[in-house]
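Biologist: I am new to this one. Please show me the chain, and then I will ask about it.

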Amino acid sequence: MSMKSFVFGVFALLMAFQGTLRADLFTYTAFADPKVGPDANRFFNGNPTGTVDLWSVTFSSGDAGQNGSFIGNSGSNGDGSGAGAGNPAWALYANSGQLATATASVIPDLG
C-alpha cells in the first residue's frame with residue numbers, strides 16, 4: 001500500500017466518523033443522606049435532569065452509634081473555611097472496628 005492510499009484511507013475513515021463522536025458530561029451534587037434515595041441531583045452537560053439514587057451504602061452494624069451516613073455542609077461545621085464551604089456533601093462514619101462503605105456506578109443512568 002502506498003503512502004498516498006494510506007493517507008486517503010485514514011481521511012475517508014475520519015470523514016465517516018465526522019459528527020458521530022461526542023463527549024457528554026454527567027455531574028452530581030449531594031441532595032440527601034446516601035442511605036436514602038434519591039440522594040443526588042443529576043446534571044447532563046450542565047443542565048439539571050432530576051434526582052437519582054447514586055450511592056449504594058452498606059454498614060457492618062445496624063447501630064447508628066457505630067456506623068452510618070449523613071449529608072453535611074462544611075460551611076456550618078468547623079470554621080466554615082474548608083473546600084466547598086457552604087455546599088452539601090455526603091459523609092460516612094464508622095467507629096470501634098465497624099465498617100461503612102459506599103459505591104457509585106461509573107456508568108451513567110441514561111433513563
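Biologist: What percentage of the 111 residues in the chain is buried?

Modeller: Keep in mind that this is a predicted model. A residue counts as buried under 20% relative accessible area. Of the 111 residues in the chain, the buried share is 14%.

Biologist: In what order do the elements run from the N terminus?

Modeller: The chain contains 1 helix and 7 strands. The helix leads and the strands follow, so to write it with symbols: α-β-β-β-β-β-β-β.

Biologist: Is R42 buried or exposed?

Modeller: R42 sits in strand β2, residues 40-44. Its relative accessibility is 9%. The cut-off for buried is under 20%, so R42 counts as buried.

Biologist: Which side chain does the side chain of R42 join in a polar contact of 2.8 Å?

Modeller: R42 belongs to β2. The partner is in β3, which spans 47-52. At 2.8 Å, the side chain of R42 meets that of T49.

Biologist: Which residue does a cis peptide bond join to G37?

Modeller: Omega is about -5 degrees at this bond. The partner lies in the loop between β1 (26-30) and β2. It is P38.

Biologist: N45 has a positive phi although it is not a glycine. How exposed is N45?

Modeller: Its phi is about 50 degrees. N45 lies in the loop between β2 and β3. Its relative accessible area is 38%, so N45 is partly exposed.

Biologist: Is S96 buried or exposed?

Modeller: S96 is found in the loop between β6 (88-94) and β7 (100-104). It has a positive phi of about 50 degrees. Its relative accessibility is 62%. The cut-off is over 50%, so S96 counts as exposed.

Methods
Residues are numbered from 1 along each chain as its sequence is written. This is a predicted model: local features need pLDDT of at least 70, side-chain atom pairs count only at pLDDT 80 or more; totals for chains, interfaces and linings use all residues. Side-chain values use heavy atoms; hydrogens and water are left out. Helices (H or I, at least four residues) and strands (E, at least two) are DSSP runs, numbered from the N terminus. Buried means under 20% relative accessible area, exposed over 50%, partly exposed in between (1.4 Å probe, protein chains only). A polar contact is a pair of N or O atoms within 3.5 Å; within protein, one must be able to donate a hydrogen and the other to accept it, and residues adjacent in sequence count only if both atoms are side-chain atoms.
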